Amino acid sequence: MASGAPTFYELYRRSSIGMTLTDMLDELIGEQRMDPQLAMKILSNFDRAITETLNDKVKARLTFKGSLDTYRFCDEVWTFLIKNVTFKMENGGQTVVADKVKIVSCNAKRPGDAP
Amino acid sequence: MDSIPYPSSQAEVEALIRALYAPGPPARIKHIQEVLQKVQKSAEGWQLAESLLSNPDSNLKFFGALTFIVKLNTESSSLSDGDAIQLVENLVGWLLQAVAEGAGPGHFVVLKLCSALSTYFIHFSRLWKHCIRHLVQCFDIGRYIPLQDFDDAVPVLMAASSLRWDKLQAVICFASTLADDIERTDPNSAKYADLHTHALENAKDVVELIFIGMNDNRHGDKTVAVGEDAIGCLQSWILYARSLSDTSDTLRVLLRPLVDKLISLVGSDGLGVTSVELLTEIIDSHPGFLNEDYYQKLSSMFQTEHFQARYRALVQGDFDHDNELFIWLMLSYGGARVSKLIESTDEQSQLFLSGLVGLTGCPGYVAAEDTVFIFTVEFWSTFVETMTDDFGFSSRERQPWFNTAMGHVKQVLSNCWRKIQWPPIETLMEWDTNDRARFVEARKDVADLLEAVFAMTGPPLVSMFVDLLLQHLNSASWTELEASAFCVASLADCISDDENCDDMISKVFAAPFFALMLEGQDKVPLRLRHISLQLIERYSDYFERRPEFLASALNLLFGGLGDPALGGDSAKYIAKLCSSCRHILTGEVPAFLGQFDGIYHRSPLDPLAEEKVVLAIASIIQAVTNDADKLSAFAQLFNFARQDIERSIQIAANPQTLNLEDPLHRRGIDPAELQAEPSPAEVSLQLALRALRCISGMAKGMQSNRDGPVDLDAPASQWQIGPELAALQNDILTTLNQVLVTFPTNGEVVEVICNIFRAGFIEAEPGPFVFPPPIVSSFFTSLTLNAPRIGTVVSTACSFLSSLFKGPRDQLLPTLSQLLPWVISLLQALPEPKADTELTQHSIDFVRRLMAKAPEVLFQLQPSSLIEFFFLFTLEVLNGSEPLPKAAAAEFWTEFLALRSEDPAIQASISGAMEHLGPLVSRSLMRNIGGDAMRSELDKLSEPLKKLVTQHVRAQAWLEAALLAEGFPSDKVSPQEKRMFLKKILNLRGARQTNQVVREFWLACRGSNFAYAS
């Protein structure tokens, strides 16, 4: 079924909140309290809501420094592998360090949406 | 509630429908709905729908149309062509009748009948190919025209131009519904291929219909309503065009000319706003719909008098919603054309960009009054980032457009600097929390813009704001000074590492800046003092290089500690600055201790702020090179906390000694409840917690600075410590034990003590909190299941375990042999694994870590019943449903199944254990993967399975037995499918694709209902 425009990435379904939502939908379907069609609709609403909310509502920010080890751009997806990363939260918040970080970033406007 | 019998007559059905739409208890309504749905699905549903639509009652008509939709969606294949043709005749007839009877176009019966006709088209488009043209002609002559008599050569443009407004609106309503419904079907599915072909055959008629709707001035006061419906219909068809593949351009080509009309309507009084809304949506959601030609037309439209009038009204402060809509169109256009706009130096583009510059300078405060500033700043951030990203640095500045573009950006920055200035306090107090939050967000957006601009301009941008700061410092213009300081602070990340910029920053801190800020709140507003503290924090690296200003900065920060509004941030920044500049400040330790002595004896600080201050002082003490001086200074600092704890214990033992007039006793009062009269027990506990948090701050402060060199060849620490340090450690442990004994049931006490221990685990050098392992181990094992937050204690033991492996192995084994039985005995004391999931999770994690590094400790554990219990316990957890313990158990089995030892005796133990455990773990994994596990657990459960098939020769037999065993959770997969799954898993030999095969098998076991998610 073609979804109504605009369409949203499904990548947040793999986040903790997305996986928990899917587990809960599975449970409701298992108990026959929900149709899979409704679950599908809920997940597509989730795709939209989380994308829009992260874009519009989340204003917290951090900066990070590290050594860029690898980068690539394939099928409109940028991937960066960064080593020895230090994250600094805003307003003098805590500093977090990581040996390795992988950043996968997709175009906010999906292919074909551009003028 | 009485059950509702199935209706036996038409009258009973009608009564039920009336009851459905009348107010009533929700349960009854739901029950009626269920009965009526049965009626709809029955064989009599078709006749029922017909008779309902013949009834004058609107609710009955509505339900009749709804019933047709249900029947068409479920039983359309049962209709012969003759029946289907009869059906469209009836439906069109009822629509004509409803409109003729005066049901307006927005009436629910008309809407539902349009929806029924649209559903009809989806199922029988081959019979009603020219639906729009046919419906227009039917309305034109006022009756249904049999399909065989209908003249499909008559264009819609001709027939529709004479329709009365209500008839025209009804046809437009049908055309909109048609696009909405067809858009929801899959254009790539063979099932709907003919539908989309037939829909496109109607597209030309739709275009003519919309054109008439947008162009027709015959309808008096209904003209605008007709036009709005036509624009809505265009929106639906554009959305439909978007859902079609990019290669199918037919519909877009047909629809595009209507955009000309849409642009021309922007200047009209009636349809201007609706047109602007649709144009904005097209650019935002479907920018590829418009080609270059239309963007040019839009560009010209922005310069028309009508548009300019709207623009002028807004930039003069009239933030009327309609004016805003015109501005959204400008911003959407700007966003879509940003690359072109950067490069264009023509007059029209420059006028447009100047217009967008002007939007950053509208009168009124951001958010509370000016609603477009935030969105305009977003555009300019995109503009600057595109300048940086799309045009290489070397070529950028040689481009003819560069100076013009930068001219706009500079003007924007100037406007932004004015707009981020805080309003007077009385104005601020009138704002609601949303307005305040959005004002702060706008400042953050401006900070982002500044960083983006810095990427092009470099340090001169900072210099500009430094000059502004100095200028307004001299004139004591507070709001301008605060905005300038904010901009300088926002650019800290860009230059704080750059020594070449230090001279520029020195101008700020060398000026009478500190002296002015120290004058306090009587003279300097709170906002300015706050930003000055932030400025110090953001440039803490600078103070390391230029210590001459460090003392003034710290004085200012300490001065802020007593201020309720600034205390928390001041403490945080003191900790950061002292930690990063610790090596410079070692000579000032006595002064810091003296300063803290004053704080300690005065009115108490907020406990969290005090913890940070103590951390700051401890971090300076840590940098003292002479060990004796270091220990002496630390002992003085620790003494403050010890006194608090002694006082706490005294009050707990003798409540009558509590004296709330004594400032040292008042340290035990929560600052948020200063006015209350707390009990001695509360004061005693708060005093102890405050002291423990301070000790925790000391422990963090005493951690070595990680920036120093690490000698990889140095021998591992032997935990040999001198007598002074040993005495100090003993002092600390005694104090902690006293608190634990006094408050044995308080979870927070246990948690803070765990944090204190943790701080020492990562240290490589001896220190007050780097306790000898046997002492730490004894502390842990003294706690039983009855201790509060025992899960946190075991989690701390996990961290301890990791730190132990950095030390000498001969000291390690006795400690592990002490800890392991303690952890397992805690699990044995649990009535069931889920009684304390935190303990279960961390205990399994502890044993896994231990097994990976020292398997001999696990397999030589005595009595051996402990290890047997543990294996069966983890299997029970793996079969359970608690996510975190289950994940820990899966990790444990992954580690165990891959475990190998060079020691033959240990290896024999591992092999012997696998003989018993292999079938059991196989069964547990197969039960989970066979449907018992949650979807999110599958990846974790795939890991032990991969290890099982790659490391154990009998895996195939164990897994096959598990798959075919009775009690397998699913009956949806056959034995052949199970064997096929096993074959795939074995062939993959632990490869990553195993996860996908596991997922597919889980889905097969659960059934197709669970295939809704990818």
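Reader: Which residue of chain A does Asp497(B) form a salt bridge with?

Author: Keep in mind that we're looking at a predicted model. A salt bridge needs a Lys or Arg nitrogen within 4 Å of a carboxyl oxygen of Asp or Glu. Here the closest N and O atoms are 2.2 Å apart, and the partner of Asp497(B) is Lys65(A).

Reader: How many salt bridges are there between chain B and chain A?

Author: The pair Asp497(B) and Lys65(A) is a salt bridge across the two chains. Polar contacts have their own tally, with 8 residue pairs where both are at pLDDT 80 or more. For salt bridges between chain B and chain A, the count is 4.

Reader: Which helix gives the most residues to the side of chain B that touches chain A?

Author: Several helices of chain B give two or more residues to that side, among them H12 (223-243), H15 (272-285) and H54 (994-1006). H25 (433-457) is on that list too. The one that gives the most, with 4 residues, is H25(B).

Reader: And what kinds of residue make up that side, and how many are charged?

Author: Let's sort them into groups. On the side of chain B that touches chain A, 11 residues are nonpolar and 7 are polar. The charged ones number 19.

Reader: What area is buried between chain B and chain A?

Author: Start with who touches whom: 37 residues of chain B are in contact with 34 residues of chain A. In chain B, Arg242(B), Lys444(B) and Tyr1012(B) lose the most area to chain A, together 22% of what that side buries. Carbon and sulfur atoms give 47% of the area buried between the chains, and that area is about 2900 Å².

Reader: Let's hop over to chain A. Which residue in the turn between S1(A) and S2(A) has a positive phi?

Author: Strand S1 (residues 62-74) and strand S2 (residues 77-89) of chain A pair in the antiparallel sense over 11 bridges. One of the bridge partnerships links Thr63(A) to Lys88(A) in S2(A). The two strands form a hairpin with 2 residues between them, and the turn residue with a positive phi, about 50 degrees, is Asp75(A).

Reader: What is the bridge partner of Lys83(A) in S3(A)?

Author: S2(A) also pairs with strand S3 (residues 95-106) of chain A, in the antiparallel sense and over 11 bridges. In S3(A), the partner of Lys83(A) is Lys100(A).

Reader: Back in chain B, is Lys946(B) buried or exposed?

Author: Lys946(B) is found in helix H51 (residues 938-951) of chain B. Beyond its neighbours within four places in sequence, Lys946(B) is in contact with residues including Gly990(B), Ala991(B) and Thr994(B). Its side chain also has a polar contact of 2.8 Å with that of Asn995(B). Its relative accessibility is 10%, and the cut-off is under 20%, so Lys946(B) counts as buried.

Reader: What is the relative accessible area of Arg443(B)?

Author: Arg443(B) lies in helix H25 of chain B. Leaving aside neighbours within four places in sequence, Arg443(B) is in contact with Ile420(B), Trp422(B), Glu482(B) and Phe486(B). Arg443(B) is buried, and its relative accessible area is 5%.

Reader: How far apart in space are Ser414(B) and Phe68(B)?

Author: Ser414(B) lies in helix H23 (residues 402-419) of chain B. Ser414(B) counts as partly exposed because its relative accessibility is 28%. Ser414(B) and Phe68(B) are 346 residues apart in sequence, and their C-alpha to C-alpha distance in space is 64 Å.

Notes. Residues are numbered from 1 along each chain as its sequence is written. Chains are lettered from A and ligands numbered from 1 in the order in which they are written. This is a predicted model: local features need pLDDT of at least 70, side-chain atom pairs count only at pLDDT 80 or more; totals for chains, interfaces and linings use all residues. Side-chain values use heavy atoms; hydrogens and water are left out. Contact means heavy atoms within 4.5 Å. Buried area is the accessible area (1.4 Å probe) that two parts lose on being put together, summed over both. A salt bridge is a side-chain nitrogen of Lys or Arg within 4 Å of a carboxyl oxygen of Asp or Glu. A polar contact is a pair of N or O atoms within 3.5 Å; within protein, one must be able to donate a hydrogen and the other to accept it, and residues adjacent in sequence count only if both atoms are side-chain atoms. Ala, Val, Leu, Ile, Met, Phe, Trp, Tyr, Cys and Pro count as nonpolar, Asp, Glu, Lys and Arg as charged, and the others, Gly among them, as polar. Two strands pair if DSSP finds at least two bridges between them. Buried means under 20% relative accessible area, exposed over 50%, partly exposed in between (1.4 Å probe, protein chains only).
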